[in-house]
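Here is a short tour of one model, written to be read with the structure open beside you. Feel free to click along as we go.

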Amino acid sequence: MAITNVFTSGITELLLLSILEKSDNYVYEITQVITKHSGGLLNISPNTLYTVAYKMEQEGYISEYTRKVGRKRTRIYYHLEPSGKVYLRAISEQYHQTQQGVISVLDFLDASVSIQEEGDTDHET
């Protein structure tokens, strides 16, 4: 089952910047890296990546340049700028905190004590 757009839209920036931190790349290759290394669970379309890349470029986090491929074709490559590295650290930390919060809630809900039982003990004095 593929992850829904609600989650994908929130992590596309993180994935794009993380991949660009490793090396400059172009959108099609980035989509392939995401799909392959997520085991097919994340299928982010090139259009979604272009939209995010455009936003990141406008904010100064990434830049683009063209590279000739073959005789007539060119590819647009994206490069992570220093401000993008700072932003990546911030959103990465935020992602990990959010992930830990979700795990904590799910662990609580998986525990043998129900929410109702815990609520009942809060009212006892």
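Two strands pair if DSSP finds at least two bridges between them. Helices (H or I, at least four residues) and strands (E, at least two) are DSSP runs, numbered from the N terminus. This is a predicted model, in which local features need pLDDT of at least 70, side-chain atom pairs count only at pLDDT 80 or more, and totals for chains, interfaces and linings use all residues. Residues are numbered from 1 along each chain as its sequence is written, and side-chain values use heavy atoms, with hydrogens and water left out.

Let's begin with the strands. Eight bridges join β1 (residues 62–69) to β2 (residues 73–80), and the pairing is antiparallel. One of the pairs to look for is Lys68 with its bridge partner Thr74 in β2. Three residues lie between the strands of this hairpin, where Gly70 has a positive phi near 80°.

Glu64 sits in β1. Its C-alpha atom is 4.4 Å from that of Tyr78, although the two residues are 14 apart along the chain.

Now for the helices. The axes of α2 (residues 27–37) and α3 (residues 46–58) come within 9 Å and cross at roughly 115°; axes are lines fitted to C-alpha atoms, for helices over the stretch in contact, and angles run from 0 to 180 degrees between N-to-C directions. From α2, Val27, Ile30, Thr31 and Ile34 meet Pro46, Leu49 and Tyr50 of α3, where contact means heavy atoms within 4.5 Å. The residues of this contact comprise six nonpolar, one polar and no charged (Ala, Val, Leu, Ile, Met, Phe, Trp, Tyr, Cys and Pro count as nonpolar, Asp, Glu, Lys and Arg as charged, and the others, Gly among them, as polar).

Thr31, which lies in α2, is worth a closer look. A polar atom of its side chain is 2.6 Å from the backbone oxygen of Tyr28.

The table sets Thr31 beside Glu64. Buried means under 20% relative accessible area, exposed over 50%, and partly exposed in between (1.4 Å probe, protein chains only). The contacts leave aside neighbours within four places in sequence.

| Residue | Relative accessible area | Contacts |
|---|---|---|
| Thr31 | 5%, buried | Ile44, Ser45, Pro46 and Leu49 |
| Glu64 | 36%, partly exposed | Glu57, Ile76, Tyr77 and Tyr78 |

Definitions and conventions
A polar contact is a pair of N or O atoms within 3.5 Å; within protein, one must be able to donate a hydrogen and the other to accept it, and residues adjacent in sequence count only if both atoms are side-chain atoms.
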